[in-house]
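Got the model open in your viewer? Let's walk through it stop by stop, with a note on what to select each time.

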Amino acid sequence: MAQDILIVDDDRMVAEAMQRALEPDFEVRIVTEASAALEACQQKRPDLIIMDTVFPDGRAGLEVITQLRDNEATADVPILSVSGWDEIEDKEDTYLSGSDDFLSKPFQQRELQLKVKALLRRVARTHRPAVVESLQVGLLNLNAKTYEITTESKRVLLTPVEFELMRFLMSNPDQVFSADQLLQRVWGYPPGIGMPDLVRVHVKNVREKIEPNPRKPIYLRNVLRRGYMVPTTSAEDVERVTAA
């Protein structure tokens, strides 16, 4: 049975163009009002949602994404946001609301197809039974069943994308990976597809959750001009940052 994709876009011509790009590989439904997305998901849980973030009544798409993430039935449905706005602040807003990725209008049909397929592959990988129940790197512990990550002072819940990012980095501790490498190995994108901003924003969000001081990260560090890593952190590292 073909996987079900729900497109939410007030511009029917754009929505139908996306529909043509995705059929016949997928079953595609269209709604043109942000508020209708919630009812459509209740009628049938989609495998992926493509959500326009800007509607005539404002940025209603972001509000609906937040509501979808707060609903247990749709909390882990991958969401691809599309928008004609392309500022970094707009992308940050979509990720903070719960979107998995962002696609700027206008876009190539091939890019849409590749991003949709990569998101669905990542979800399939996430839903496989965990080989190990938890990962421990220094003072970090990642629970593969609950998606919770624990530091020396807190326990927080990660989004599915944040969990996949941390699971990969913690499976390869003390190794540096560039944004392009992470886009390929965590998000499953082919080379040239996906934006480094996607990695940067999710790294920022994880740091806000787990770091004693997000401006001076110790758990999820960046190496200048090289990329990101999870080092083996000690209690002394934490004391040094908190005392500064």
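Start with Glu 133: with a relative accessibility of 52%, this residue counts as exposed, because the cut-off for exposed is over 50%. Keep in mind throughout that this is a predicted model.

Now add Lys 145 to the selection. At 61% relative accessibility, Lys 145 is exposed too. The two side chains make a salt bridge, with 3.2 Å between the closest N and O atoms of Glu 133 and Lys 145. Look at where the partners sit: Glu 133 is in the loop between α5 and β6 (134-137), while Lys 145 is in the loop between β7 (140-143) and β8 (148-150), 12 residues apart.

**More salt bridges**

The count for the model is 14 salt bridges. Select Lys 117 and Asp 25 next; their side chains meet in one of these, at 3.7 Å from N to O. Lys 117 belongs to helix α5 (residues 109-126) and Asp 25 to the loop between α1 (12-22) and β2 (27-31), so this pair ties together parts 92 residues apart in sequence. Are these two residues buried, exposed or in between? Lys 117 is partly exposed, at 32% relative accessible area, and Asp 25 is partly exposed as well, at 48%.

Stay on α5 and pick Lys 115, then Asp 101. They form a salt bridge whose closest N and O atoms are 3.3 Å apart. Lys 115 lies in helix α5 and Asp 101 in strand β5 (residues 101-104), so the pair links parts 14 residues apart in sequence. What about accessibility here? Lys 115 is buried, with a relative accessible area of 0%, and Asp 101 is also buried, at 0% relative accessibility.

**The parallel sheet**

Switch to cartoon view and select β1 to β5. These 5 strands form an open sheet in the order β2-β1-β3-β4-β5, with parallel pairing. Which strands are at the edges? They are β2 and β5, each pairing on one side only. Going from one strand to the next, the twist averages 20 degrees.

Zoom in on edge strand β2. Of its 5 residues, 4 are buried, so the strand is mostly covered, given that buried means under 20% relative accessible area. Its partner is β1 (residues 4-8): the two run parallel and are joined by 5 bridges. Within this pairing, Asp 4 stands opposite Glu 27 in β2.

Next along, select β3 (residues 48-52) and β4 (residues 79-83). This pair is parallel, over 4 bridges, and Ile 50 stands opposite Leu 80 in β4.

Now show helix α2 (residues 34-43). It lies across β1, β2 and β3, and runs at about 160 degrees to β1.

**Two packed helices**

Select α3 (residues 60-70) together with α4 (residues 88-97). Their axes are 8 Å apart and they pack at an angle of about 25 degrees. Angles under 35 degrees count as roughly parallel, so that is the label for α3 and α4. Turn on side chains: Leu 62, Ile 65, Thr 66 and Arg 69 in α3 meet Asp 93, Thr 94 and Ser 97 in α4. Sorted by class, this contact has 2 nonpolar, 3 polar and 2 charged residues.

**The antiparallel sheet**

Move on to β6 through β9. Here you'll find an open sheet of 4 strands, ordered β6-β7-β8-β9, with antiparallel pairing. Its edge strands are β6 and β9 (155-157), each of which pairs on one side only. On average, neighbouring strands are turned by 15 degrees against each other, ignoring direction.

For a closer look, select β7 and β8, which run antiparallel and are joined by 2 bridges. Click Leu 142, then find its bridge partner in β8, Ile 149. Then add helix α6 (residues 160-171): this helix packs on the sheet and touches β6, β7 and β8, with its direction at about 125 degrees to that of β7.

**Last stop**

Finish at Pro 191, in the loop between α7 (179-185) and α8 (196-210). Pro 191 counts as exposed, at 66% relative accessibility. Select Asp 180 as well: it is 11 residues away along the chain, and the C-alpha atoms of Pro 191 and Asp 180 are separated by 7.4 Å.

Technical notes. Residues numbered from 1 in each chain as written. Predicted model: local features only at pLDDT ≥ 70, side-chain atom pairs only at ≥ 80, totals over all residues. Heavy atoms only, no water. Axes fitted to C-alpha atoms, helices over the stretch in contact; angles between N-to-C directions. Parallel < 35°, antiparallel > 145°, perpendicular 65-115°, else oblique. Contact = heavy atoms within 4.5 Å. Nonpolar A, V, L, I, M, F, W, Y, C, P; charged D, E, K, R; others polar. Salt bridge = Lys/Arg side-chain N within 4 Å of Asp/Glu carboxyl O. Buried < 20%, exposed > 50% of the residue type's maximum accessible area, 1.4 Å probe, protein only. Pairing = 2+ DSSP bridges.
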